[in-house]
Amino acid sequence: MRWTQTYIPTLRENPSEAELVSHQLLLRGGYIRKLAAGVYIYLPLMQRVIEKFANIVREEMNRAGAIEITMPVLHPAEIWQMSGRYNTVGKEQMRLKDRHEHELVLGGTHEEIVTYLLRGELKSYKQLPINLYQIQVKFRDEIRPRFGLMRGREFIMKDAYTFDENEESFKVSYQKMLSAYFAIFKRAGLDTRKVESDTGAMGGKAAHEFMLIVDTEGGEQQLIFCDKCGYAANMEKAIFREANPPKPDPELLEKKEVDTPGASTIEEVTSYLKVTPKKLVKTLIFLADSKPVAALVRGDRELNIVKLKNSLGANELEMASASVVEKITRCPVGFAGPIGLPNIPMIVDPEVTRLTNFIVGANKNEKHIINVNFGRDFNSKSIADIVNAEAGEMCPHCDGHLVEKKGIEVGNTFMLGVKYSKSMDANFLDAEGKEKPFIMGSYGIGITRTPQAAIEKYHDEKGIIWPKNIAPYLVEILPLNYEKDEHKSAAEQIYNELVSNNIDCLLDDRLERAGVKFFDGDLIGIPIRLVIGDKSLKQGKIEMKYRGSPDSELVDINDVLEEVRKLLGKIN
RNA sequence: CGGGGUGUGGCGCAGCCCGGCUAGCGCACUUGCUUUGGGAGCAAGGAGUCGGAGGUUCAAAUCCUCUCACCCCGACCA
């Protein structure tokens, strides 16, 4: 492709809307433009990146035995009512009515549709297993779209769905997808890690996420890894063993109400009473499906809202507002405690039950109770791990320690079990002629977010450094002065040679000054740059440079094809 | 949804608090001359009615009301 014949609107300045480097580079490099919050136009370069990545995904999916189909984006609401998710997915689902006032939704995922497709049509175990996938647009009305393509409302996703007759067969199907995912990300030049994750609104039994580890602020998820065994989980899911549990006091002291004037935060209370946060228990009030509940965690811990939600079996969970807290505790915010709380469900973290002589709020203004002990002074049958794991704690599976990293989710896999097949009555006949629901799995890869994640990982101060297999072009030919016949003819000769050998080339045939071409070239991040200028041309050579390295080398103009191939073989 | 902020040529911004003549600046764009290995110089030009609606006023980008859009923050305070 010639630069003057495509459309690459690079920007010199950063649009004010972009926060993340990757988002800024996509805008500045002329890859995307925003149409509305979380809705983007993919310009020619982005279109090529998407195609390249989608093709890798397609090839590996096909290789793993999956079959491509395309399902609609517009769904009748009834289908979502069948599975019951119409009431649980919440406001994230875009809903609309047609001219007949018929309720429709824009699909954010397609479990219902694919299950609907196969129920009634696929009747025999002989047709199983089957894996159907698509590469399709999705809509999710995110609370707060941000970070460009990373959290958009409209985005492209590869989603696959497996149907199996039993657990053993399902395990094979699931494993095949995991292997395919590793192959896909490897080919895309992205070293990803598989972590355990919560199943969330998808439901089902277990789930994994594929994460690209980054150390920029683009890392949207906190991850926990064991430094010894393979344990890896995201923060929502991660469990741990405490490395240094506080020693229990030798005797249980009598509980006592004390004044804590003006001390309502953990910090204020601990410094006023001269104790560590580990001696404190905080009582947090939440609304679970609009009903108040209390959650008790040690003062030094962070509450894990997903764990809490799961232990309650709640659909919606939010922090109670100050006014609700005050109504329940009958005192100002900051002094809630388990003793004397009205009869609401109370979830207690196990660490609290092991603590002795600890401090809680007294449900009275500016008062706390010291020397409180679980079992003696208050009780609850709901004891569950509801806190975040932290770096430094012990691995739950071995004697290693946990470390924290940040990552960007690029893929996920869910073991759905019979959640959808059962609720939607999607059954087949097994070898004994018995009717059974399909065992299902669902598998996503963010087609538009993955390239942005790649940029977040691979860039420098000048611009993008694409992994070769998802780069819009492999080679950029940069004649310093296209008006000069020697430059032009050399550029054309190389261009034709590479193109006729199926190497994607971008020829910067603009009548721009050299500097402009260099800056734009670095910005858009094409892996190999071939510079044609007087200095080297006199010797019958051109300059070849990999975007990820500072140095260029001179290669003979007649060996360009071979040299380019050699370099391509060496780079990521 | 709650809190904060911003909407002024394609992009980035100034002007607004303390209303006043043809609304500025940089980049980009067009034309010409010069220049030509890391975002060129000079000259001449085109393009905005100040997010929208209503109001106050002799006069509104500027003040007031409503509205829309976009951006940022929002568990660890109980």
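This report walks through a predicted model of protein chain A with RNA strand B, moving from the overall fold to the RNA surface and then to a few individual residues.

## The chain as a whole

Let's begin with the overall picture. The secondary structure of chain A comprises 15 helices and 31 strands. Measured out along its principal axes, the C-alpha trace covers about 95 × 65 × 55 Å. Chain A has 572 residues, and 53% of them are buried. Among contacts in chain A with a separation of 6 or more, 69% join residues that are 24 or more positions apart.

## Where the RNA sits

There are 43 residues around RNA strand B, and the nearest of these are R144, I266, E302, M319 and E543. By residue type, the surface near RNA strand B is made of 16 nonpolar, ten polar and 17 charged residues. Looking from the RNA side, 49% of the atoms of strand B within 4 Å of the protein belong to sugar or phosphate, and the rest belong to bases.

Three polar contacts between the protein and RNA strand B are worth finding in the viewer, and the table sets them out.

| Protein residue | Protein atom | Atom of RNA strand B | Distance |
|---|---|---|---|
| K34 | side-chain N or O | sugar or linking oxygen | 2.9 Å |
| L303 | polar backbone atom | base nitrogen | 3.2 Å |
| F335 | backbone N or O | sugar or linking oxygen | 3.3 Å |

Which elements give two or more residues to this surface? They are β14 (281-288), α13 (514-524) and α14 (534-537). Helix α13 provides the largest share, with seven residues.

## A hairpin early in the chain

Strand β1 (residues 32-36) pairs with strand β2 (residues 39-42) in the antiparallel sense, and four bridges link them. Across this pairing, I32 stands opposite Y42 in β2. The two strands form a hairpin with two residues between them. In that turn, G38 has a positive phi of about 75°.

## Two cysteines without a bond

How many disulfides does the structure hold? The number is zero. C229 is in no disulfide, and the nearest cysteine sulfur to that of C229 belongs to C395, 3.6 Å away. Seen from the other side, the closest cysteine sulfur to that of C395 is in C229, and the 3.6 Å between them is too far for a bond, because a disulfide here requires two cysteine sulfur atoms within 2.5 Å. The surroundings of these cysteines can be described too. C229 counts as partly exposed because its relative accessibility is 27%, whereas C395 is buried, with a relative accessible area of 0%.

## Three buried residues

The first stop is S421, which lies in helix α10 (residues 419-423). Is S421 buried or exposed? S421 counts as buried because its relative accessibility is 0%. The side chain of S421 has polar partners in the backbone: it reaches the backbone oxygen of F438 at 2.6 Å, and a polar atom of the S421 side chain lies 3.4 Å from the backbone oxygen of V418. Beyond its neighbours within four places in sequence, S421 is in contact with T115, A426, P437, F438 and M440. F438 therefore appears both as a contact of S421 and as the owner of a backbone oxygen reached by the S421 side chain.Next comes I113, found in helix α4 (residues 111-118). I113 is buried, as its relative accessible area is 10%. Not counting residues up to four places away in sequence, I113 touches M71, H75 and I79. I113 and W80 are 33 residues apart in sequence, and their C-alpha atoms are 8.6 Å apart in space.

The last stop is T199, in the loop between β9 (192-197) and β10 (206-214). Although T199 lies in a loop, T199 is buried, with a relative accessible area of 17%. Leaving out residues up to four places away in sequence, T199 touches G204, K205, A206, A207 and F414. The C-alpha atoms of T199 and V475 are separated by 42 Å, and these two residues are 276 residues apart along the chain.

Conventions. Residues numbered from 1 in each chain as written. Chains lettered and ligands numbered in written order. Predicted model: local features only at pLDDT ≥ 70, side-chain atom pairs only at ≥ 80, totals over all residues. Heavy atoms only, no water. Near = heavy atom within 4 Å. Polar contact = N/O pair within 3.5 Å; in protein donor to acceptor, adjacent residues only side chain to side chain. Nonpolar A, V, L, I, M, F, W, Y, C, P; charged D, E, K, R; others polar. Buried < 20%, exposed > 50% of the residue type's maximum accessible area, 1.4 Å probe, protein only. Contact = heavy atoms within 4.5 Å. Pairing = 2+ DSSP bridges.
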